[in-house]
Structures are given as C-alpha cells and as structure tokens.
Amino acid sequence: MSMTEVSADHPYSPAFVAGGLIFVSGALSIDESGDPVPGRTEALDAAVDRMVERLATVGGELSDVVKLTYFVTDLSLREEANRQFERLFEAPRPARTFVEVSGLPYGATVEIDAVATAGAGGAGG
C-alpha cells in the first residue's frame, strides 16, 4: 500500500481540496517503502517528494504551493532547508514555517505539510 492511501493506520486524506485551496497532510522523510531516509539534504528532499506525491493525488503541483510548514527533529537543518527552498521555488517563494519537534513517526527527521492553490495556473497565476 502506498503511503498516500487512506488506511486504518492513516485514516486521513493525503490531500484535501476546500475553498479553492489544497491542504496537504504532513509528509515524512521516508522512502516509498516507509523507511526513514538518512542524511540531511536527502531527508529534506524525501519529505518534499512525499509531499508532492500527496499533492498530486488531487491534481496539484509544486508550483501551486503557497505555504509550507517544516517540522524537523534538528533545528540546524534550517540552512539546508533554505538552500532546498531556493532550488525548488522561484521568487516570490511560498511562505514557510520552520519548527523543531521532539520526534516524528517512523523515525523520520523531517515532516512537511503544505497549502496550495487548487486549479490550473499555479500560485503565480
């Protein structure tokens, strides 16, 4: 079973459309098998990959994202996250919140949730 499917372990929608927006459930720094991805940049990239997969379940794309929240187990990941943000998004970049937490499911070190615009044209129009 894909980590983007609703199940007893994951009884929520991977992404939900309401009011012209897409709300993406938190996506962890895990691989397709559900194993935590080691490394710093690699974990950040894995969380984005899982977030993009969830966004795609309702037809959204990375260019539609207007707000991201990063939950990390190590606040020092902020610099790598800033570099990732610069790689992923052109200015003006989405809003972002960056929060350290004591732990995440499955041994992940990063979790990212997002809000995106629904419909064609992306956040920039």
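**Salt bridges and an aromatic cluster**

R50 comes out as buried, with a relative accessibility of just 7%. In this predicted model, that arginine turns up in two of the salt bridges picked out here. One partner is E32, whose side chain meets that of R50 at 3.2 Å, N to O. This pair links distant parts of the chain, since E32 sits in the loop between strand 2 (21-28) and helix 1 while R50 belongs to helix 1, 18 residues apart. Unlike R50, E32 is exposed, at 62% relative accessible area.

The other partner of R50 is E53, with 2.8 Å between the closest N and O atoms. Here the link is local: R50 and E53 are three residues apart in helix 1, so about one helical turn separates them. E53 is partly exposed, at 33%. Helix 1 (residues 41-56) also holds V52, which at 27% relative accessibility counts as partly exposed. V52 has a C-alpha to C-alpha distance of 9.9 Å to D113, although their positions lie 61 residues apart in sequence.

The salt bridges add up to eight in total. Among them is the one between E79 and R83, where the closest N and O atoms are 3.0 Å apart. Both residues are in helix 2, four residues apart, or about one turn of the helix. E79 is partly exposed at 43%, and R83 is partly exposed too, at 39%. The pair belongs to a wider network of salt bridges that links R78, E79, R83 and E86.

Turning to the rings, the count of aromatic pairs is three. Y70 and F85 have ring centres 6.3 Å apart and planes at 65°, and as the cut-off for edge-to-face is over 60 degrees, the pair is classed that way. Y70 lies in strand 3 (residues 65-72) and F85 in helix 2 (residues 78-88), so this contact ties together parts that are 15 residues apart in sequence. Both Y70 and F85 are buried. F85 also pairs with F89, with centres 5.0 Å apart and planes at 55°, so this one is tilted. The relative accessible area is 8% for F85 and 7% for F89, which is likewise buried. Together with F98, the residues Y70, F85 and F89 make up one aromatic cluster.

A charge joins the picture as well. R96 lies over the face of Y70, 5.4 Å from the ring centre, and also over the face of F85, at 5.2 Å from that ring's centre.

Definitions and conventions:
Residues numbered from 1 in each chain as written. Predicted model: local features only at pLDDT ≥ 70, side-chain atom pairs only at ≥ 80, totals over all residues. Heavy atoms only, no water. Helix = DSSP H or I, 4+ residues; strand = E, 2+ residues; numbered from the N terminus. Buried < 20%, exposed > 50% of the residue type's maximum accessible area, 1.4 Å probe, protein only. Phe/Tyr/Trp six-rings, centres within 6.5 Å; stacked < 30°, edge-to-face > 60°. Lys NZ or Arg CZ within 6 Å of the ring centre and 35° of its normal. Salt bridge = Lys/Arg side-chain N within 4 Å of Asp/Glu carboxyl O.
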